[in-house]
Amino acid sequence: VTQHFVASGDGTKIPYFVVGQRSSDGGSYSTGPGPTLLSGYGGFEVANTPGYAGVLGRLWLARGGTYVLANIRGGGEFGPDWHQAALKANRQRAYDDFIAIAEDLVQRKVTSAKHLGIQGGSNWRRRWPRKASPACGSTSAARAIACVPGSNRPSPPCACGRSAPRA
């Protein structure tokens with residue numbers, strides 16, 4: 001488990017944890033971009049920290065997957081101010097934080113847009129990130145996030161004119 005930080009759209013440093021098998025050199029998590037599950041919550045002042053989950057360990061990590069836990073604003077990791085920074089009119093900050101982490105994972109070659117899966121709960125199902133503009137075949141993680149199939153969110157059309165598939 002390693003902790004990393006990335007600057008969100010407004011410059012705030014957003015922490016996230018990467019959990020996965022290290023390569024033989026002990027440094028990187030894979031020999032190249034691989035399957036990665038990015039998870040975030042960011043609501044109700046709930047703090048998320050890494051912990052062992054048997055299903056995640058046996059069915060994802062043991063098979064070479066990487067798990068990333070995003071500590072986006074709205075959660076409780078850093079107290080009430082961290083939580084309140086993404087409420088109401090500032091809710092977009094939570095989405096921007098999540099997108100910044102996804103883009104950082106691609107830039108650091110932990111994963112690629114086509115190998116990145118995302119999950120979240122609560123407020124994540126209410127609307128799409130406003131800054132994500134889906135485009136088929138895009139290398140941008142933000143665009144890949146918006147085109148993730150199997151989501152319960154509305155499906156905006158991709159730049160190619162097709163809609164992202166629904167669950």
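# Exercises on a Predicted Protein Chain

The protein chain contains four helices and five strands; helices (H or I, at least four residues) and strands (E, at least two) are DSSP runs, numbered from the N terminus. The model is predicted: local features need pLDDT of at least 70, side-chain atom pairs count only at pLDDT 80 or more, and totals for chains, interfaces and linings use all residues. Residues are numbered from 1 along each chain as its sequence is written, and side-chain values use heavy atoms, with hydrogens and water left out.

## Exercise 1. Confidence and overall layout

Task: State the average pLDDT of the protein chain, and give the pattern that the chain follows along the sequence.

Solution.

1. pLDDT is the predictor's confidence in each residue, from 0 to 100. The average for the protein chain is 75, and 66% of the residues score at least 70.
2. Residues 124–167 have a pLDDT below 50; this stretch nevertheless has 80 contacts in the model beyond near neighbours in sequence. Contact means heavy atoms within 4.5 Å.
3. Along the sequence, the order of elements is β-β-β-α-β-α-α-β-α.
4. Among contacts between residues at least 6 apart in sequence, 66% join residues at least 24 apart.

## Exercise 2. Surface and burial

Task: Determine what percentage of the 167 residues count as buried, and what share of the exposed area carbon and sulfur atoms supply.

Solution.

1. Buried means under 20% relative accessible area, exposed over 50%, and partly exposed in between (1.4 Å probe, protein chains only). By this criterion, 49% of the 167 residues are buried.
2. The chain exposes about 8700 Å², of which carbon and sulfur atoms supply 53%. Accessible areas come from the Shrake-Rupley method with a 1.4 Å probe; for residues, only the protein chains shown count as cover.

## Exercise 3. The nonpolar cores

Task: Identify the residues with the most contacts inside the largest nonpolar core, and the element that gives the largest share of this core.

Solution.

1. A nonpolar core is a set of buried Ala, Val, Leu, Ile, Met, Phe, Trp, Tyr and Cys residues joined through side-chain atoms within 4.5 Å.
2. The largest such core has 19 residues, and Tyr-16, Leu-38, Val-68, Ile-101 and Leu-105 have the most contacts inside it.
3. Two or more residues of this core come from each of β2 (13–19), β4 (66–70), α3 and β5 (116–120). The largest share, six residues, belongs to α3.
4. Another core, of six residues, lies apart from this one and includes Phe-17, Val-19, Leu-37 and Tyr-67.
5. Leu-105 touches Tyr-16, Val-18, Thr-36, Leu-38, Val-68, Val-110 and Thr-111, its neighbours within four places in sequence being left aside.

## Exercise 4. Individual residues

Task: Classify His-83 as buried or exposed, do likewise for Gln-107, and locate Lys-88 and Lys-109.

Solution.

1. His-83 belongs to helix α2. With a relative accessible area of 12%, His-83 is buried. Beyond its neighbours within four places in sequence, His-83 is in contact with Gly-43, Phe-44, Glu-45, Gly-74 and Gly-75.
2. Gln-107 is part of helix α3 (residues 92–107) and is exposed, at a relative accessible area of 63%. Its C-alpha is 9.8 Å from that of Pro-33, 74 residues away in sequence.
3. Most residues other than glycine have a negative phi. Lys-88, in the loop between α2 (80–84) and α3, has a positive phi near 50° and is exposed at 78% relative accessible area.
4. Lys-109, in the loop between α3 and β5, also has a positive phi, about 65°. Its relative accessibility of 56% makes Lys-109 exposed.
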